[in-house]
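Good morning, and thank you for coming. Today I shall speak about cysteines and about enclosed empty space in one structure.

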Amino acid sequence: MVEIDLNRVDEIIERYKGEEGVLIQLLLDIQSEFNWISREVIARISERMRIPKSQIYRIASFYKAMSLNPVGRHIIQVCLGTACQVRGAPKILDRTEENLKIKEGETTSDMRFSLRRVNCLGCCAMGPVVVVDGDYHGKITPAMVEEILEKYE
Amino acid sequence: MPGVRSKGDLEGLRSEILMKRDPNKPYITLCSGTACRATGSDTVAAAIQNELEKQGLTEEVGVRRTGCHGFCERGPIIVIHPEEICYLNVTPEDVPEIIIKTIKGKEIIDRLLYTDSSTGERIVHERDIPFYKYQTRLVFGDNLRIDPTDIESYIAIGGYQALTKVLHEMTPEEVLEEVKKSNLRGRGGGGFPTGRKWETTKNAPGEPKYVIVNCDEGDPGAYMDRSIMEGNPHRVLEGLTIGAYAIGSHQGFVYVRQEYPLAVTNLGIAIEQAREYGFLGDDILGSGFEFDVKVHRGAGAFVSGESSALMNAIEGKVGEPRPKYVHTSESGVWNKPSNLNNVETWANVPLIIDKGAAWFNAIGTERSKGTKIFSLVGKVNNTGLVEVPMGTALRDVIYKIGGGIPGGKRFKGVQTGGPSGGIIPEEYLDSPVDFDELTKLGSMMGSGGMIVMDEDTCIVDIARYFVDFLCDESCGKCVPCREGLKRMREILDGIVAGKGREGDIELLEEIANVMKKASLCALGTTAANPVLSTIRYFGDEYEAHIKEKRCPALVCKELISYYIEPEKCIACLRCLKSCPEGAIEGEKRVIHVIDQTKCIKCGICFEVCPPKVGAVMMISGKPVPPPVPEAERVIERRGGERR
């Protein structure tokens, strides 16, 4: 599991102190730095920013970009935008789920992969698209899934 | 750096920039929008840099990384100036040849040009390629001409001229009047007249007033707003500042999705540069007008694109809609009058000021003026962003510009308007595309997504897909939307799984009508459109699923079976080895058979069976034929050929 350095969290909090309506922006910064938002982080923000924990949980659980669970070493995004959908993306997601033996939104028990379904990455010409750690793999077929995943240890 | 304080200053700066440029100096523009970056534009850029250094040409040849050119199907795209030679699908391996042959030797490399598939003719210039030729790129065209991270390249093509004109020559009332006369309508979905919206905020009591750019763009399959924001952010900022002046606002917000990192970056750079040059801040262009902009990153919630929800999000709250007894244009962010328009709408504003409302009115149809950018995606040859005058026929967009359907398949329908829209069948392909026509057809303009579907697309599955999407995205605040979507999803899940019942269609319609009448925001009131429009035009597909347990497009997993035709099988072991479940039985020279009890219908066997053999087939609505008797499974070869 990724340990979160609370000193680093404090630095991020400092950027926003005293401003109004910044909770979402603050949580986004933390999410992009650590890939998830832990219980300790929420307690820390609550204490420093004087915002009730319940309010922070409400935001962090509402928005899709924020995760309350730790994520694996590699993040797989399977695009299920409409263009990818009509080009067969559901089969790609099925294949990935079967291969990793997890469902979308979950992480493998060895913390190797987290699997997410996303609604349109805006590179519809390449559909169906799978993105692993920011590498785009386009025009994927079910038979290619295993080969792609093997590249990431 | 220069604070621009008057019209003269701007003109001076512009001629200075142009003078610094040598019109004969060769330069390379490279498309670097998100889609091209995904197909390797970054490595091409590195290769260009590398090769120029190797050839000692870094001084002689300019390189400009532009925003999206729109022809994403063929990216990365490079254009070599001044000849404007356009190369498509460029890879890093092509770069040395391009530099040596085309830049140094002035020789065109045929294989990298666009080839017309019908005539075989090779096309040198981007503008002559059919994909571009039939477009009218008023808003999007400048993407090709500027480097979005360099304000001077925007000024060079006449940028900030409109703002200067507004601040020094027009009163706020005159600006408002011009925009009203232009009949510009909102490009983000509803098509509300922009001028009237501005007027409401302008006249609403309460200070301060806010102006906001909506770059939430949640519609799956639509990415024009992102491409404008990435490729031409100053155009949006200029439009926004003009609007702020007309309305009397001094604070703007840009709400942009976190999922668009390049747009966030380029916008940030643009705001910094605009401040530095005096187009934002106190006393803009020496006019005394004061205005600045803050960026708010959206955190991924489709409903947050709805105006009142978006304003909640800007306040740092959960992005859920509010009841709109009072419009956000009167009471929005922190209960102050707030005018929200979408990216493309704002980007049209400088154009209207520059060229006048009369010019704008001459483009488009009676009630929809100007152009619209569509993202043409799905089962179409030329995927990309397409800008055409309002009123262009769907057929022209899909066939003339889009190049038709790949693989000789039959067109089935085109989905417009995203999850709030509908699917338009072939018989209406000649309809002109504008706000009112699309609504009449049971769909809508939405933000301009256009997803083409062919005979292999299952319409019921697509309806289920949109309902499923909206089910996830519904905030749950009002009952009709929250519960209605869930019940619709249950029914549709049943239909695609072969458990559809008599009366399901009527029940879907009934739920849809309740949602339409009783939901809190536009997400709920339009959520049933994909279902209603598909029932209206493709009722027979629903019937086939419900009554015959058959999926005509062979998509719905529960309703299809994979089967190997014994007459065609060449026993090559390909499918057998690839089957992840070991469900295929056979050996070399023994016809392969799928064990239906083990098959998980992943379709890999279908995919790997060589096209010229084509032995694996899908069956729906009828039983799978019994396996061939053991005795007949051995293949006898004659001269290496099957039978």
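I shall take the cysteines before turning to the cavities. Please keep in mind throughout that this is a predicted model.

Let us begin with a reminder: a disulfide is a covalent bond between the sulfur atoms of two cysteines. How many disulfides are there over all chains? The count comes to zero. Consider B:Cys478, whose nearest cysteine sulfur belongs to B:Cys481 and lies 5.1 Å away. The cut-off for a disulfide is 2.5 Å, and B:Cys478 is accordingly in no disulfide. B:Cys602 is likewise in no disulfide, the nearest cysteine sulfur being that of B:Cys579, at 6.1 Å.

Are these two cysteines buried or exposed? B:Cys478 has a relative accessible area of 16% and is buried. B:Cys602 is also buried, with a value of 13%.

I now turn to the cavities. Rolling a probe the size of a water molecule over the atoms shows where empty space is left. Counting cavities of 30 Å³ or more gives five. The largest cavity has a volume of about 110 Å³. Which residues come closest to its centre? Out of 17 lining residues, they are B:Cys579, B:Pro580, B:Cys599, B:Cys602 and B:Cys605. B:Cys602, which we met as a buried residue, thus returns here in the lining of the largest cavity.

Two helices of chain B, α23 (574–578) and α24 (604–608), each contribute at least two residues to this lining. By character, the lining comprises twelve nonpolar residues, two polar and three charged.

Thank you for your attention.

How values were computed:
Residues are numbered from 1 along each chain as its sequence is written. Chains are lettered from A and ligands numbered from 1 in the order in which they are written. This is a predicted model: local features need pLDDT of at least 70, side-chain atom pairs count only at pLDDT 80 or more; totals for chains, interfaces and linings use all residues. Side-chain values use heavy atoms; hydrogens and water are left out. Buried means under 20% relative accessible area, exposed over 50%, partly exposed in between (1.4 Å probe, protein chains only). On a 1 Å grid over the protein atoms alone, a cavity is a set of points where a 1.4 Å probe fits but cannot get out, and a pocket is an open set with protein on both sides within 12 Å along at least five of seven lines; lining residues have an atom within 4 Å of a point. Grid points are joined across faces, edges and corners, and a volume is the space filled by probe spheres set on the points. Helices (H or I, at least four residues) and strands (E, at least two) are DSSP runs, numbered from the N terminus. Ala, Val, Leu, Ile, Met, Phe, Trp, Tyr, Cys and Pro count as nonpolar, Asp, Glu, Lys and Arg as charged, and the others, Gly among them, as polar.
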